[in-house]
Amino acid sequence: MDYEDRFRQHLDTLHAEGRYRFFADLKRRCGAYPSADHFGAEGTRDVTVWCSNDYLGMSQHLVVRAAMHEAIEEVGGGSGGTRNISGTTHYHVELEAELADLHGKEAALLFTSAYIANDSTLATLQRLMPGLVIFSDETNHASMIEGIRRGGGEKHIFRHNDVEHLEELLKKGPASALKIIAFESVYSMDGHIAPIAAICDLAEKYGALTYLDEVHAVGLYGPRGGGIAERDGVMDRIDIVNGTLAKGFGVMGGYIAASAACCDAIRSYAPGFIFTTSLAPAIAAGALASIRHLKRSEIERARLKERVGKVKGLMAEARLPVMENPSHIVPVMVGDPVHCKAVTDTLLTHYRIYVQPINYPTVKRGTERMRFTPSPVHTDAEIATLIGALQELWAACPVGKGEYVRLAAE
């Protein structure tokens, strides 16, 4: 049996479809975000990063860095164990209390990533409540899909942000069934925002719990950075919130915030929480400092909003295929994986602009795109360079005319 050949066949398929993923070898410059060194075949080059999920640049913030340095000096590198066996440090306890407060919940529970938090929590909820029926938005993140699948219970998929379709599905089931509606606040690839209040109305009407993924919203929306639910004044109507420490807060890790009983049950039964080493104390300390800062400071959120508005406005003026949405996500449609890779390669090679092509399975086939994420620290000059480069590329090879030329090879 030629096992290596099996691996090569699958890789060849990805290459043939134009969706093999190449990693950009980067070293970000502390204090100089969004600049980075790119290590490539031509040597090391200065590039501007346009696709980071470090939405507010908090990974570079002095208060975050100082807190992490202080924690390392006080307790060292790692946590020393799982949360149950010596790995619960005071940093973890403080951080969970801060997260619970951020979302107006009784408790919060830390995970090593938001992916693990979603996967573990959704799977464990189904084991804790046999017969639980889950209603899931069709564009939910892979971590939610995996958690729902692993739980093995009954599930129904409703059309994206379609509350009428959701109600149709809720009506069909027995009124006495245990139910959860799982959805996101900001959908990261399209930039859509969920109608949270309307979904909460249905949850109350049909006796369902609400499970909201605020991964792409925490830190960025709401007067204290609590996300879209806080911004819209519906935080108290959400039963379980999933969030991340790796995007708006600029560090690493994930969490849920919910009732004390819910968090304690997940803590006690979820393998993805029980059997893994806890976050390093320095990471917890940095996240804690970031959350506390963003609870008080509106500067970063206001600047982000202004920068995003400027980029979207200039793209629209340039007649680029920017996808309209009400969030901070700026997707530019390409519609072909080979062309998408060619455009991003050219931006990196000729313009020193780094943006990653987004292909299937992250998005549907035929909707391949670039996903730009302006930050508070992208300058007017960097924005002008980006718009100029895109205009030149679209003039040379307009999207939608079948001219899928490998521009990077020119």
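Leaving out residues within four places in sequence, His293 makes contact with Met58, His61, Val63 and Glu300. This residue is a convenient starting point for a tour of the structure, which is a predicted model. His293 sits in helix α11. With a relative accessible area of 14%, His293 is buried, because the cut-off for that label is under 20%. Contacts in sequence and distances in space can also be set side by side: His293 and Arg19 are 274 residues apart along the sequence, and their C-alpha atoms lie 39 Å apart.

Helix α11 leads on to the interior of the protein. The largest nonpolar core has 89 residues, and helix α11, which spans residues 281-296, gives the largest share of this core, with 8 residues. Apart from this core lies another one, of 21 residues, including Ile148, Ile180, Cys263 and Ile266. Within the 89-residue core, the members that touch the most other members are Ile181, Phe183, Ile196, Leu245, Met315, Met370 and Phe372. As background, nonpolar side chains in soluble globular proteins tend to be buried together.

Ile181 deserves a closer look. Not counting residues up to four places away in sequence, Ile181 touches Phe135, Phe158, Leu166, Leu170, Ile199, Ala203, Ala208, Leu209, Thr210 and Tyr211.

Stepping back, the whole chain can be described. The protein chain contains 14 helices and 14 strands. Its radius of gyration is 22 Å, close to the 22 Å that the globule rule gives for 410 residues, so the chain is as compact as a globular protein of that length. Along the principal axes, the C-alpha atoms fill a box of roughly 60 × 55 × 55 Å. Of the 410 residues, 53% count as buried. Among contacts in the chain with a separation of 6 or more, 71% are accounted for by residues 24 or more positions apart.

The surface and the charges complete this overall view. The protein chain exposes about 18,100 Å², and carbon and sulfur atoms supply 54% of that area. The chain carries 43 positive and 51 negative charges, and the mean positions of the two sets are 1 Å apart.

Toward the start of the chain, two residues show how sequence and space can be compared. Ala16 belongs to helix α1, which covers residues 3-17. Ala16 is exposed, with a relative accessible area of 69%. Although Ala16 and Val338 are 322 residues apart along the chain, their C-alpha atoms are separated by 9.4 Å. Leu26, in turn, lies in strand β1, made up of residues 26-28. At 29% relative accessibility, Leu26 counts as partly exposed, because this value falls between the 20% and 50% cut-offs. Setting aside neighbours within four places in sequence, Leu26 is in contact with Asp37, His38, Val47 and Tyr354. Leu26 and His339 are 313 residues apart in sequence, with 23 Å between their C-alpha atoms.

The backbone also has some details to look for, beginning with two cis peptide bonds. One of them runs from Tyr33 to Pro34, with omega near 15 degrees. Pro34 is placed in the loop between strands β1 and β2, the latter being residues 35-40. Another cis peptide bond runs from Tyr360 to Pro361, with omega near 10 degrees. Pro361 is placed in the loop between β13 (357-358) and β14 (369-372).

Positive phi angles can be found in loops too. Ser86 has a positive phi of about 70 degrees, although it is not a glycine. The loop that holds Ser86 lies between α2 (62-75) and α3 (90-102). Ser86 is exposed, with a relative accessible area of 54%. Arg319, also a residue other than glycine, has a positive phi near 60 degrees. Arg319 occurs in the loop between α12 (299-317) and β11 (330-333). With a relative accessible area of 75%, Arg319 is exposed, because that label applies to values over 50%.

How values were computed
Residues numbered from 1 in each chain as written. Predicted model: local features only at pLDDT ≥ 70, side-chain atom pairs only at ≥ 80, totals over all residues. Heavy atoms only, no water. Core = buried A, V, L, I, M, F, W, Y, C linked by side-chain atoms within 4.5 Å. Buried < 20%, exposed > 50% of the residue type's maximum accessible area, 1.4 Å probe, protein only. Helix = DSSP H or I, 4+ residues; strand = E, 2+ residues; numbered from the N terminus. Contact = heavy atoms within 4.5 Å. Rg over C-alpha atoms; globule rule 2.2 N^0.38 Å. Areas by Shrake-Rupley, 256 points an atom, 1.4 Å probe, with all protein chains shown as cover. Lys, Arg positive; Asp, Glu negative; His and termini not counted. Charge placed at Lys NZ, Arg CZ, Asp CG, Glu CD.
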